[in-house]
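Dear colleague,

Please find below the structure for your records. My notes on its pocket and its nonpolar cores come after it.

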Amino acid sequence: MLAKQTFYFLRHGQTDWNAKGLMQGSTDVPLNDAGRDQADGVRPHIGGLGIASMCVSPMSRAHETARIAGADLDCPVTLIDELREFAMGERDGTPFGPWFFEWRAGDLHIEGAETRKGFLERAIVGLNEALRQPGPVLMVSHGGLFGAIKHYTGLDDSVQVKNCDLVCLEPPQSDDAEWRCEFLNQ
């Protein structure tokens, strides 16, 4: 279960593989110039949030995004391995396609890839480790991690994050309420 507290999520900036529509998975693809510009562009939106901790995927695209976007923050940065993107094995570097939904449903085995169930189990460990840090917490990670957040918060699957989207997630205020998701830089 995901800890019920408000936090912020920032997806990393663009990479060359993002621009080409390729799955990155566990391949450590760096930011491109557009991704660095995106990270710099989101920086003013982060400055007034009162961020007390940044928790970051160790993958270079997330780490560089955090360094650029959080340049004005005076807070600790914690690398959390469990916040890294899901491993797609032999599908790394290939175009996104219908096979992804088969993998997600557990109907497709991909050589060298994590299972969806295994990824979600890893992700919740990283999410809750991040939420144990002094808050408010900013997590800088990947689109797949946002998918895990949607899974654990019950957010609609149609909610998608693009590169360098900054999102505030607020837990339900009552038993019959839902998590709230607000995009802060769109």
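The findings are set out below, beginning with the basis of the values.

This is a predicted model, in which local features need pLDDT of at least 70 and side-chain atom pairs count only at pLDDT 80 or more, while totals for chains, interfaces and linings use all residues. Residues are numbered from 1 along each chain as its sequence is written, and side-chain values use heavy atoms, with hydrogens and water left out.

The largest pocket (an open set of points on a 1 Å grid over the protein atoms alone, where a 1.4 Å probe fits, with protein on both sides within 12 Å along at least five of seven lines) holds about 650 Å³ of space, the volume being that filled by probe spheres set on points joined across faces, edges and corners. Its lining (residues with an atom within 4 Å of a point) numbers 26 residues, and F96, F100, G143, G144 and Q160 lie nearest the centre. Helix α6 (helices being DSSP runs of H or I, at least four residues, and strands E runs of at least two, numbered from the N terminus) gives the largest share of this lining, six residues.

The largest nonpolar core (buried Ala, Val, Leu, Ile, Met, Phe, Trp, Tyr and Cys joined through side-chain atoms within 4.5 Å; buried means under 20% relative accessible area with a 1.4 Å probe, protein chains only) has 32 residues, and F7, F9, L127, M139, F146 and L169 touch the most other members. Helix α5 contributes the most to this core, seven residues. Apart from this core lies another, of 19 residues, including L10, I46, I51 and I68.

Yours sincerely

Methods:
Buried < 20%, exposed > 50% of the residue type's maximum accessible area, 1.4 Å probe, protein only.
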